Amino acid sequence: MTNLRIPGPTPCPPEVLEAMGRQMINHRGAEFQRMVLDVTDKLKKLFLTKNDVFLLTGSGTGGLEAAVVNSFSPGDKVLAVSIGVFGDRLATIARTYGADVTVIKSEWGKAADTKLIKAALDKDPAIKAVMVTHNETSTGVTNDLTTIAQTVKPYDKLFIVDAISSIGSIELPVDEWGVDVMVTGSQKSWMVPPGMAMVAISEKGWKANAAAKIPRFYWDFGKAKKYFEKGGQTPWTPAVSIVFALNVALDMMLKEGLPNIQARHHKLGKMTRDGVKALGLKLFADEAHASDTVTAILGTDGLDAKLLNKVMRDEYDIVLSGGQMELEGKIFRIGHLGWVNEKDIKAVLDALKTALPKAGFKKA
Ligand SMILES: *Cc1c(COP(=O)(O)O)cnc(C)c1O
């Protein structure tokens, strides 16, 4: 079987795939509505939130777009904290809909600097919201979200977090950290195929929603709430099979337990980092903020990162990711989130040992 080691879509357990293959049922019938309510309850347990949680059919980016159109009016001042490709994407979505976006950028590979966030909020009291990526999948960096949350809290801004590749694998207690709009996606930590974004909206998020004038229809949280309150419906036909799959995957996750899942990811993240360093490779990310769901590695010492991924795929049946945008050809990435264990990572490290020299790497 192919060892799919990219940061989403991640492999799915057989029980989940079996659930995906179930015959269709009426999405407005009692059985499905009960399942939507169950899935939502289970998600709340793993998000550690009492806020409203909705299933939105679409990929993670759709969830980010939903966060934007439900929170802002054209001209609203927004602070976007970007440390990579996905932080830039969220800023671009807000700008696309007419928000007045100020971007704080970090050098790629580094985490966000809370001092800069504080300075920006001090400088412009009219800023309405702070948007931040929890785990920047493109660089393999996890922001110190609890410190960012504490920094933002006294300013009483709307706090929007792209947690697409973190929550479920990396600690993010939504209520405790005061996240007003949290977005994640089915194909990352949740061990199910792509197709569903899951969002959590706080009371402050609803206040912003009531004032937000950006036009919206498909992504309207108000419609999602209205239909959910009918007893577990969604305004539009949802990705029914993904809900079947999610229902099974969430049971598996609750059985393993959130602290155990997070500990497993931490252990595998460290195992990956230690393993690649032992091979003589260099991490792209500042190790103090290295992600436990994805590791980015520099193409140094003659290594052709693109060729390496080809060799790994063709000769070892292991699929790794490359770099995105400016990082294309400069790094490669190993995904270790969701349905993953030590054996999967050991197989990658073992294969790298013999694949690296074939891709030009001259060291160790
Ligand atoms: C994967 C990812 C996205 C994009 O999600 P899609 O499902 O591809 O639309 C956005 N942000 C982060 C941090 C991601 O990891």
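Which residue of E5 does Leu79 stand opposite? In this predicted model, Leu79 stands opposite Val130, a residue of E5.

## Strand E5 and its neighbours

Strand E5 covers residues 129-133, and five of its five residues are buried, so that the strand is mostly covered. The covering applies to both faces, with Ala129, Met131 and Thr133 buried on one side and Val130 and Val132 buried on the other.

E5 is joined to E3 by four bridges, and these two strands run parallel. E5 is also joined to E8, here by five bridges, and again the pair runs parallel. Within that second pairing, Ala129 has Leu158 of E8 as its bridge partner.

## Helix H4

Helix H4 takes in residues 85-96, and because a helix is expected to advance 1.5 Å a residue, its 12 residues should span 16 Å, which agrees with the 16 Å that separates its end C-alpha atoms. Just after this helix comes Gly98, which takes a positive phi of about 95°.

The buried residues of H4 are Val85, Phe86, Gly87, Leu90, Ala91, Ile93 and Ala94. What covers them includes one helix, H3 (60-69), together with the strands E3 (77-82), E4 (100-105), E5 (129-133), E6 (135-136) and E8 (158-162).

## The largest cavity

A search of the whole structure finds four cavities of 30 Å³ or more, and the largest cavity holds about 110 Å³ of space. Its lining is made up of Leu55, Leu56, Thr57, Tyr218, Trp219, Asp220, Ala224, Thr234, Pro235, Trp236, Thr237 and Pro238. By class, this lining divides into eight nonpolar residues, three polar residues and one charged residue. Strand E2, which covers residues 52-57, gives the most to the lining of the largest cavity, with three residues.

## The second largest cavity

The second largest cavity holds about 60 Å³ of space, and the residues that line this cavity are Val36, Thr40, Val53, Phe54, Leu55, Ala224, Phe228, Gln233, Thr234 and Pro235. Seven of the lining residues are nonpolar and three are polar, while no charged residue takes part.

At least two residues of the lining of the second largest cavity come from each of helix H2 (30-47), strand E2 and helix H8 (221-228). E2 gives the most to this lining, with three residues. Leu55, Ala224, Thr234 and Pro235 appear in the lining of the largest cavity and also in the lining of the second largest cavity.

How values were computed: Residues are numbered from 1 along each chain as its sequence is written. This is a predicted model: local features need pLDDT of at least 70, side-chain atom pairs count only at pLDDT 80 or more; totals for chains, interfaces and linings use all residues. Side-chain values use heavy atoms; hydrogens and water are left out. On a 1 Å grid over the protein atoms alone, a cavity is a set of points where a 1.4 Å probe fits but cannot get out, and a pocket is an open set with protein on both sides within 12 Å along at least five of seven lines; lining residues have an atom within 4 Å of a point. Grid points are joined across faces, edges and corners, and a volume is the space filled by probe spheres set on the points. Ala, Val, Leu, Ile, Met, Phe, Trp, Tyr, Cys and Pro count as nonpolar, Asp, Glu, Lys and Arg as charged, and the others, Gly among them, as polar. The expected span of a helix is 1.5 Å times one less than its number of residues. Buried means under 20% relative accessible area, exposed over 50%, partly exposed in between (1.4 Å probe, protein chains only). Contact means heavy atoms within 4.5 Å. Two strands pair if DSSP finds at least two bridges between them.
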